[in-house]
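The following exercises guide a reader through a predicted model. Each task is followed by a solution in steps.

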2 protein chains.
Amino acid sequence: MPGVGPKSAQRLALHILKRPEAEVEALAAALIEAKKQVGLCSVCFHLSAEPICEICRSPNRDHTTICVVADSRDVIALEKTREFKGKYHVLGGVISPIDGVGPEQLTITALQRRVSQQQPQEVILAISPSIEGETTTLYIGQLLKPFTKVTRIAFGLPVGGDLEYADEVTLARALEGRRELD
Amino acid sequence: MPGVGPKSAQRLALHILKRPEAEVEALAAALIEAKKQVGLCSVCFHLSAEPICEICRSPNRDHTTICVVADSRDVIALEKTREFKGKYHVLGGVISPIDGVGPEQLTITALQRRVSQQQPQEVILAISPSIEGETTTLYIGQLLKPFTKVTRIAFGLPVGGDLEYADEVTLARALEGRRELD
C-alpha cells in the first residue's frame, strides 16, 4: 500500500489485532462494501458510487468546459481549489510506452467520442508536466483540435515560491509563458 | 550570515584558527578587496565590479526588453536558464510597508527614467509571488504602462511537479493562466 512501509505495516497489523473482533469485522465488511459500491462514472470515469457521478449529474456545472486529468486524485485536487465549474474527464493514467500504456489503455477514445458528441467550447488539459504527461497532452491536443478549443494549464513559478529556488526549466517556462499585465 | 547557525559558525571559526597565518591574511584581504571592488551597476543596479555591468555593456543583449527583478540573486537565477537575452533592472527589494520599504527605497524612479528614455518594447516583471511581490508588481505595472508593454512571468505548476502535490492557490493560478495549445 502506498506510504505504508514495513514498520507502519507492522504497527497497523498489531493495532488491528488489539481491537475487538466486532470492530475488525466491521472494517472488513466496509472494505468489501466500498470495493463493491465504488466504480467509475460511465461518462467521465471519475470514482463514483452511482453509474453517473455527482459532478456529471449536477445541473450547476458548466457542461461547455471539460477538464482532462490523468487520475481521480487530480479531480479531488482541482475540486479543492473551488475555481473550476466545468466537467471532468479522467484518463486513468498517462501514455507511457515503457510501462506498456498506450492511448488504447486510457479513456481517450471515450473522450474523443464525448467531445465530438457534446461539442464543448473548451477542453482544458490539466496533466502533470512529466515526459509522459507532455506526450499525453500533445497526443490528445492533436486529436481534439479539429473539434474544439484545446488549452492547457499554466506552468511557472508556484505561488509563494521564490525565483531563487525555482529550477531552471520552471523559470524558463515562467518566462516563456509570461502574460500582459491587466 | 545566512545559512550559518551557531554550530556551523563555530566549525568555520575553528577551521580558520587552524590555517596558517598567511592564508587567513589572504582571506581577510580578499574580503576587503571584494567589498571595495564590487558595487552596483549604475544602469541596472546588478552587482558589478565595473561602473556599468557586463550585461548592460554587452552588445549581444537585446536592449528592447528589460526584465525587472527584486534582487541580484534573481538575475543569477534567470541567467542560468539561458533563455533570457534582454537586459535587467534590479529593484533592490520589494515594497513592504511593514519593513519600512516604500517605492522610494527601491530603484523604481531610476527604472521609470530608464524606461521613458530608452523606450524598450517590453518590460517583464519577474518578481516572486509573495504579497509584497504582488504589490510591487502591480505598482510598477501601473507606473510603466503608459510607456511600454508590461508583462509578468507565468505562475502555475512547477515543471516536474504533480497536480496532486500542488497547493490550491497554485492550482487555481495554473487553471486561470491556461493557454491555447499550439
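**Exercise 1. Determine which residue of β5(B) is the bridge partner of Ile66(B), and place this bridge in its strand pair.**

Step 1. The partner of Ile66(B) in β5(B) is Val123(B).

Step 2. The strands concerned are β3 of chain B, residues 62-69, and β5(B); they pair in the parallel sense over four bridges.

Step 3. A further position can be read along the two strands: Val68(B) stands opposite Leu125(B) in β5(B).

Step 4. Turn next to strand β6 of chain B, residues 149-152, which runs parallel to β5(B) and is joined to it by four bridges. Here Ile124(B) has Thr151(B) of β6(B) as its bridge partner.

Step 5. The connection between β5(B) and β6(B) can now be described: together with α6(B), they make a right-handed β-α-β unit.

**Exercise 2. Decide whether the residues on the two faces of strand β5 of chain B are buried or exposed.**

Step 1. Begin with a general rule: side chains in a regular strand alternate between the two faces of the sheet.

Step 2. On one side of β5(B), which covers residues 122-125, are Glu122(B) and Ile124(B); on the other are Val123(B) and Leu125(B).

Step 3. The cut-off for a buried residue is a relative accessible area under 20%. All four of these residues are buried, and both faces of the strand are thus covered.

**Exercise 3. Give the strand order of the open sheet that contains β7(A), and identify the strands at its edges.**

Step 1. The order of the five strands is β7(A)-β6(B)-β5(B)-β3(B)-β4(B), and their pairing is mixed.

Step 2. The edges are held by β7 of chain A and β4 (86-90) of chain B; each has a single partner strand, so one side of each lacks a neighbour in the sheet.

Step 3. Another open sheet of five strands, also with mixed pairing, has the order β4(A)-β3(A)-β5(A)-β6(A)-β7(B). Its edge strands are β4 (86-90) of chain A and β7 of chain B, and because each has a single partner strand, one side of each is without a neighbour in the sheet.

Step 4. Inside this sheet, β5 (residues 122-125) and β6 (residues 149-152) of chain A pair in the parallel sense over four bridges. One of the bridges sets Val123(A) against Val150(A) in β6(A).

**Exercise 4. Describe the overall make-up and dimensions of chain A.**

Step 1. Chain A has seven helices and seven strands. Read from the N terminus, its elements follow the order α-α-β-β-α-β-α-β-α-β-α-β-α-β.

Step 2. The C-alpha trace of chain A spans about 65 × 45 × 35 Å along its principal axes.

Step 3. The radius of gyration of chain A is 20 Å, whereas a compact globule of 182 residues would have one near 16 Å.

Step 4. Of the 182 residues in chain A, 41% are buried.

**Exercise 5. State which residues lie closest to the centre of the largest pocket, and characterise its lining.**

Step 1. The volume of the largest pocket is about 590 Å³. Its lining has 25 residues, and those closest to the centre are Ala154(A), Gly177(A), Arg179(A), Gly177(B) and Arg179(B).

Step 2. At least two lining residues come from each of α7 (168-176) and β7 (179-180) of chain A and α6 (131-144), α7 (168-176) and β7 (179-180) of chain B.

Step 3. By type, the lining comprises 10 nonpolar, two polar and 13 charged residues.

Step 4. The second largest pocket has a volume of about 160 Å³. Its 13 lining residues include Ala70(A), Val94(A), Ser128(A), Ser130(A) and Asp162(B), which lie nearest its centre. Two or more lining residues are given by each of α4 (72-81) and α6 (131-144) of chain A. The lining divides into three nonpolar, five polar and five charged residues.

**Exercise 6. Locate Arg82(A) and Gln119(B), and state what their phi values are.**

Step 1. Arg82(A) is in the loop between α4 and β4 of chain A. Its phi is positive, about 55°, although Arg82(A) is not a glycine.

Step 2. Gln119(B) is in the loop between α5 (108-118) and β5 of chain B. Gln119(B) likewise has a positive phi, near 45°.

Step 3. The cut-off for an exposed residue is a relative accessible area over 50%. Arg82(A), at 68%, is therefore exposed, and Gln119(B), at 59%, also counts as exposed.

Note on methods. Residues are numbered from 1 along each chain as its sequence is written. Chains are lettered from A and ligands numbered from 1 in the order in which they are written. This is a predicted model: local features need pLDDT of at least 70, side-chain atom pairs count only at pLDDT 80 or more; totals for chains, interfaces and linings use all residues. Side-chain values use heavy atoms; hydrogens and water are left out. On a 1 Å grid over the protein atoms alone, a cavity is a set of points where a 1.4 Å probe fits but cannot get out, and a pocket is an open set with protein on both sides within 12 Å along at least five of seven lines; lining residues have an atom within 4 Å of a point. Grid points are joined across faces, edges and corners, and a volume is the space filled by probe spheres set on the points. Ala, Val, Leu, Ile, Met, Phe, Trp, Tyr, Cys and Pro count as nonpolar, Asp, Glu, Lys and Arg as charged, and the others, Gly among them, as polar. Buried means under 20% relative accessible area, exposed over 50%, partly exposed in between (1.4 Å probe, protein chains only). Two strands pair if DSSP finds at least two bridges between them. A crossover is right-handed if, with the strands pointing away from the viewer, the path from the first strand over the helix to the second runs clockwise. The radius of gyration is taken over C-alpha atoms; the globule rule is 2.2 Å times the number of residues to the power 0.38.
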